[in-house]
Amino acid sequence: MNDDKFNMDMRKFLKKVGVTSQREIENAVNQAMNSGAIKGNENFKVKMTLEIAELGLTWVVDGEISLE
């Protein structure tokens, strides 16, 4: 196994997950604010699931995002 390649690919993937996830959450919040579906003082329970089927890995991270 090439540890350097593995580490680089993992970091690229995690950076992509972080950047795209933040963008999607921001877009969803902005759309909900613009449509009046939310007021801007809510708290949202969030869940992120990581799955690597070939390794039998499923990892769930729960959290909360507050708008205020």
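This is a short tour of the structure above, stop by stop, with something to select at each one. Keep in mind that you're looking at a predicted model.

**Stop 1: the whole thing**

Switch to a cartoon view and follow the chain from its start. You'll meet 1 helix and 2 strands, in the order α-β-β. The radius of gyration is 16 Å, well over the 11 Å that the globule rule gives for 68 residues, so this protein is more spread out than a compact globule. Turn the model around and look at its extent: along the principal axes, the C-alpha trace spans about 50 × 20 × 20 Å.

How much of the protein is buried? Buried residues make up 9% of the 68 residues. As for contacts, take those with a separation of 6 or more: 29% of them are accounted for by residues 24 or more positions apart.

**Stop 2: Thr20 and Ser21 in the helix**

Now select Thr20, which sits in helix H1. Is Thr20 buried, exposed or partly exposed? Its relative accessible area is 29%, and because that falls between the 20% and 50% cut-offs, Thr20 counts as partly exposed. Show side chains and look for the backbone oxygen of Lys16: a polar atom of the Thr20 side chain lies 2.6 Å from it. Then try a distance label from Thr20 to Val46. They are 26 residues apart in sequence, and their C-alpha atoms are 15 Å apart in space.

Step along to Ser21, also found in helix H1. The Ser21 side chain reaches a backbone oxygen too, that of Val17, at 2.6 Å. Setting aside neighbours within four places in sequence, Ser21 is in contact with Lys16 and Met48.

**Stop 3: the second largest pocket**

Keep Ser21 selected and add Ile25, Val29, Phe44, Val46, Lys47, Met48, Val61, Asp62, Gly63 and Ile65: together they line the second largest pocket. Its volume is about 180 Å³. Which elements supply at least two residues each to this lining? They are H1, S1 and strand S2 (57-66). Colour the lining by residue type and you should get 7 nonpolar, 2 polar and 2 charged. You've already met two of these residues, Ser21 and Val46, at the previous stop.

**Stop 4: the largest pocket**

Clear that selection and pick Phe6, Asp9, Met10, Phe13, Leu14, Leu50, Glu51 and Ile52, which line the largest pocket. The elements giving two or more residues to this lining are H1 and S1. H1 provides the largest share, with 5 residues. This pocket has a volume of about 220 Å³. Try the colouring again: here the lining divides into 6 nonpolar, no polar and 2 charged residues.

**Stop 5: Glu42 in the loop**

For the last stop, select Glu42. Where is it? Glu42 lies in the loop between helix H1 (3-35) and strand S1 (43-52). Zoom in on its side chain, and you'll find that one of its polar atoms lies 2.8 Å from the backbone nitrogen of Gly40.

Next, show what surrounds Glu42. Leaving out neighbours within four places in sequence, Glu42 is in contact with Ile65, Ser66, Leu67 and Glu68. Ile65 should look familiar, as it is one of the residues lining the second largest pocket.

Finally, zoom out and draw a line from Glu42 to Lys15. The two are 27 residues apart in sequence, and their C-alpha atoms are 27 Å apart in space.

Technical notes
Residues are numbered from 1 along each chain as its sequence is written. This is a predicted model: local features need pLDDT of at least 70, side-chain atom pairs count only at pLDDT 80 or more; totals for chains, interfaces and linings use all residues. Side-chain values use heavy atoms; hydrogens and water are left out. Helices (H or I, at least four residues) and strands (E, at least two) are DSSP runs, numbered from the N terminus. Contact means heavy atoms within 4.5 Å. A polar contact is a pair of N or O atoms within 3.5 Å; within protein, one must be able to donate a hydrogen and the other to accept it, and residues adjacent in sequence count only if both atoms are side-chain atoms. On a 1 Å grid over the protein atoms alone, a cavity is a set of points where a 1.4 Å probe fits but cannot get out, and a pocket is an open set with protein on both sides within 12 Å along at least five of seven lines; lining residues have an atom within 4 Å of a point. Grid points are joined across faces, edges and corners, and a volume is the space filled by probe spheres set on the points. Ala, Val, Leu, Ile, Met, Phe, Trp, Tyr, Cys and Pro count as nonpolar, Asp, Glu, Lys and Arg as charged, and the others, Gly among them, as polar. The radius of gyration is taken over C-alpha atoms; the globule rule is 2.2 Å times the number of residues to the power 0.38. Buried means under 20% relative accessible area, exposed over 50%, partly exposed in between (1.4 Å probe, protein chains only).
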